[in-house]
Amino acid sequence: MAYTFKECDIFKIYGVDKLMTAYGLVVNRNYRGCGIATEILEARRPLMKALRIEVTSTCFSVIGSQKASNNAGFVEDYVIT
């Protein structure tokens with residue numbers, strides 16, 4: 001993740017001096033596919049608004065998290081293939 005954040009400077013891309021981030025997104029295997037991950041990501045919005053944070057950034061490494069981030073309206077700024 002350090003490599004990713006070094007290669008893709010979110011602060012510079014979006015012209016901000018603070019952002020909200022997280023290091024992981026996990027849903028119990030018994031509840032995957034129910035939209036819980038998307039809800040977790042969408043829950044950032046009211047918190048960010050309350051804290052006056054305009055940008056959120058996370059590194060997703062599995063397809064399930066990537067789909068959830070897409071469903072929550074996240075955009076891809078950097079991809080490693």
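The protein chain in this predicted model has 5 helices and 2 strands. Walking along the sequence, the order of these elements reads α-α-β-α-α-β-α. As for overall dimensions, the C-alpha trace spans about 40 × 35 × 15 Å along its principal axes. The radius of gyration tells a matching story: a compact globule with 81 residues would come out near 12 Å, and the protein chain has 13 Å, which agrees.

Next comes the split between inside and outside. Of the 81 residues, 27% count as buried. The accessible surface adds up to about 6200 Å², and carbon and sulfur atoms own 53% of that. Contacts were also sorted by how far apart the partners sit in the sequence. Among contacts with a separation of 6 or more, 66% link residues that are 24 or more positions apart.

What makes up the largest nonpolar core? It has 8 residues, namely L25, V27, A37, L41, F60, A68, A72 and F74. This fits a general habit, because nonpolar side chains in soluble globular proteins tend to be buried together. F60, one of the core residues, has quite a list of partners: leaving out residues up to four places away in sequence, F60 touches L25, L41, S65, Q66, S69 and F74. Three of those names, L25, L41 and F74, turn up in the core list too.

S69 deserves its own look. This serine is found in helix α5, which covers residues 63-71. Is S69 buried or exposed? With a relative accessibility of 9%, S69 is buried, because the cut-off for that label is under 20%. The side chain of S69 reaches the backbone oxygen of Q66 at 2.7 Å. Beyond its neighbours up to four places away in sequence, S69 touches L41, F60 and F74, and these three belong to the nonpolar core.

T38 is another buried residue, at 12% relative accessibility. It lies in helix α3, residues 36-42. Apart from neighbours within four places in sequence, T38 is in contact with A68, N71 and A72. Of these partners, N71 sits within the span of helix α5, residues 63-71, while A68 and A72 are listed in the nonpolar core.

A72 also features in a pairing with A43. The two are 29 residues apart in sequence, yet their C-alpha atoms are 9.5 Å apart in space. A43 itself lies in the loop between α3 and α4. At 46% relative accessibility, A43 counts as partly exposed.

Then there are the cysteines. How many disulfides does the structure hold? The count is 0. C8, for instance, is in no disulfide, and the nearest cysteine sulfur, that of C59, is 9.8 Å away. A disulfide calls for sulfur atoms within 2.5 Å, so that pair does not qualify. In terms of surface, C8 is buried at 6% relative accessibility, whereas C34 is exposed at 56%.

Last up is R52, found in the loop between α4 (44-51) and β2 (56-58). R52 has a positive phi of about 60° although it is not a glycine. That is worth a second glance, because most residues other than glycine have a negative phi. R52 is also exposed, with a relative accessible area of 70%.

Technical notes. Residues are numbered from 1 along each chain as its sequence is written. This is a predicted model: local features need pLDDT of at least 70, side-chain atom pairs count only at pLDDT 80 or more; totals for chains, interfaces and linings use all residues. Side-chain values use heavy atoms; hydrogens and water are left out. Helices (H or I, at least four residues) and strands (E, at least two) are DSSP runs, numbered from the N terminus. Buried means under 20% relative accessible area, exposed over 50%, partly exposed in between (1.4 Å probe, protein chains only). Contact means heavy atoms within 4.5 Å. A polar contact is a pair of N or O atoms within 3.5 Å; within protein, one must be able to donate a hydrogen and the other to accept it, and residues adjacent in sequence count only if both atoms are side-chain atoms. The radius of gyration is taken over C-alpha atoms; the globule rule is 2.2 Å times the number of residues to the power 0.38. Accessible areas come from the Shrake-Rupley method with a 1.4 Å probe; for residues, only the protein chains shown count as cover. A nonpolar core is a set of buried Ala, Val, Leu, Ile, Met, Phe, Trp, Tyr and Cys residues joined through side-chain atoms within 4.5 Å.
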